[in-house]
Amino acid sequence: MLEAAGVRLDLTGTEPFLPAAQLDALAPRVAEAARGLATGTCAGNEFLGWLDLPSRIDEAALAACEAAAARARADAEACVVVGIGGSYLGARAVLDALPPVPGDGVPLLFAGTGLCAAGLDRVLATIADRDFRVCVISKSGTTVEPAVAFRVLRQELRRRYGDKGAAARITAVTDAQRGALRQLATTEGWETFVVPDDIGGRFSVLTPVGLVPLAIAGVDVRGLVAGARAMQEACAGEGLRDNPAHLYAAVRYQLYTQGFTTEVMSSFHSGLHNLQEWWKQLFGESEGKQGQGIFPASTVFTTDLHSLGQYLQDGRRCLQETFLCARHTVPGLVVPSDPGADADGLGYLAGRSFDEINWIAFEATRQAHIQGGVPCQALSVDAVTPRTVGALLYMFEKAVGIGGLLLGLNPFDQPGVEAYKLEMFKRLGRPA
Ligand code: PA5
């Protein structure tokens, strides 16, 4: 068991599948990959701004996010975050993972995450009788899904607040200089934040892309950054066994070479669903290249044990599993005792907390899956807090950098994402 920055990594569930010597033999390659990142000599080195980002976020940057949040609180009952992929998944992941924020955060809604008319219509219906703001996030400023949703929302802002009022209710998070959104923001005088050039979308949660909407929602962004910073320190060296990001990356890579080509991240907490979605983008977009890469999938247990449990236990044996668990969520929620005759036969659970039962479900599931031929890593935290979430975010970012390099790939580009766009634009008749 390795513990760092409040995150525990338990490899007992991989040991039957992966001899220690085989894992240790990867140490020189992991160290080489870590050196490539640290010295900026690896593939994709123009996108390494995330690597030391937690330690570079200064008081001014945090204060700017908090000032934007204060402005939002002053005039809005809802904030619509417009963005897709790396431009919204991080904020959504953190927001949903954490317990509701007491106090005066502004509720977030998400739009531009696809082209579904019904989804956008639901957002419009929700803001119909609420004062709202828009936080539009697009590094390139040209991504069609958020751009068309933003047109609709801007029109609604203008209709309700006039041109000047609308402009005062828009925050744009985009590239420093290039792109249509930057130009619009300058012309219209919107509040703006910069997405650094050297940080790709899926690594941008700790830039204003994530921090501005999270601050608006009332999330403790300082805690989030502090947790990421603690994990940055824990993952700074070149070692294998003492470095959670390196160890996690090496284990999953070695299992992949043994035919475990799909990694299922399984949590036992519905609130972690979007953290798993963020993880899927991070790993899928970084590693799925040149006919290679571990396919990232996710389940939320015990719910999905009643749908995908059969496959996981007994289906094609190409699965490795990574559990993501929290020990304590709502300790006070316990199974009540039944003063009657215990007709439902649950007396043995009376007085026990849901957290305890859920944890036992995790241990039981892990044991069953190992017996079924699934190697299992387990990541756990005592509680899901801004700090532990920040630590997990950074650990995964570092791990995917190492993992992509172990595969011999550039982990920081995404050339394959263009293919559907080109075909769609052709069919939509976009002018050349
Ligand atoms: O990780 C990525 O680079 C992508 O998911 C992008 O974040 C996504 O395509 C949105 O791009 P943009 O922020 O330029 O609108």
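**Empty space and the domain interface**

Let me begin with the inside of this predicted model, where strand 10 (319-328) and helix 15 (386-406) each supply at least two residues of the lining of the largest cavity. That cavity encloses about 40 Å³ of space, and the structure holds one cavity of 30 Å³ or more. The residues that line the largest cavity are Leu272, Leu324, Cys325, Ala326, Val381, Val384, Thr388, Val389 and Leu392. By class, eight of the lining residues are nonpolar and one is polar, while none is charged.

From the cavity I turn to the largest pocket, which has about 910 Å³ of space. Four elements give two or more residues to the lining of the largest pocket, namely strand 5 (132-138), helix 7 (144-167), helix 12 (273-287) and helix 16 (418-428). The lining of the largest pocket comprises 32 residues, and those that lie nearest the centre of the pocket are Thr143, Glu285, Gln414, Val417 and Lys421. As for their character, the lining of the largest pocket divides into 10 nonpolar, 13 polar and nine charged residues.

Where, then, does the largest pocket lie with respect to the domains? The chain is divided into domain 1 (2-43 + 225-412) and domain 2 (53-221), and because both of these domains give residues to the lining, the largest pocket lies between them.

That brings me to the interface itself. The centres of domain 1 and domain 2, taken over C-alpha atoms, are separated by 30 Å, and the contact takes 25 residues from domain 1 and 23 residues from domain 2. In general terms, the size of an interface is often given as the accessible area that is lost when the parts come together. For domain 1 and domain 2 the buried area is about 2100 Å², with carbon and sulfur atoms giving 64% of it. On the domain 1 side, the residues that lose the most area to domain 2 are Val225, Asn274 and Gln281, which together account for 27% of what that side buries.

How many salt bridges does the rule find across the interface of domain 1 and domain 2? The rule finds one. Arg202 forms a salt bridge with Glu285, and the closest N and O atoms of that pair are 3.0 Å apart. I would ask you to keep Glu285 in view, since we have met this residue already: Glu285 is among the residues nearest the centre of the largest pocket, and Glu285 is also the salt-bridge partner of Arg202.

Conventions
Residues are numbered from 1 along each chain as its sequence is written. This is a predicted model: local features need pLDDT of at least 70, side-chain atom pairs count only at pLDDT 80 or more; totals for chains, interfaces and linings use all residues. Side-chain values use heavy atoms; hydrogens and water are left out. On a 1 Å grid over the protein atoms alone, a cavity is a set of points where a 1.4 Å probe fits but cannot get out, and a pocket is an open set with protein on both sides within 12 Å along at least five of seven lines; lining residues have an atom within 4 Å of a point. Grid points are joined across faces, edges and corners, and a volume is the space filled by probe spheres set on the points. Ala, Val, Leu, Ile, Met, Phe, Trp, Tyr, Cys and Pro count as nonpolar, Asp, Glu, Lys and Arg as charged, and the others, Gly among them, as polar. Domain bounds come from an automatic or database domain assignment. Contact means heavy atoms within 4.5 Å. Buried area is the accessible area (1.4 Å probe) that two parts lose on being put together, summed over both. A salt bridge is a side-chain nitrogen of Lys or Arg within 4 Å of a carboxyl oxygen of Asp or Glu.
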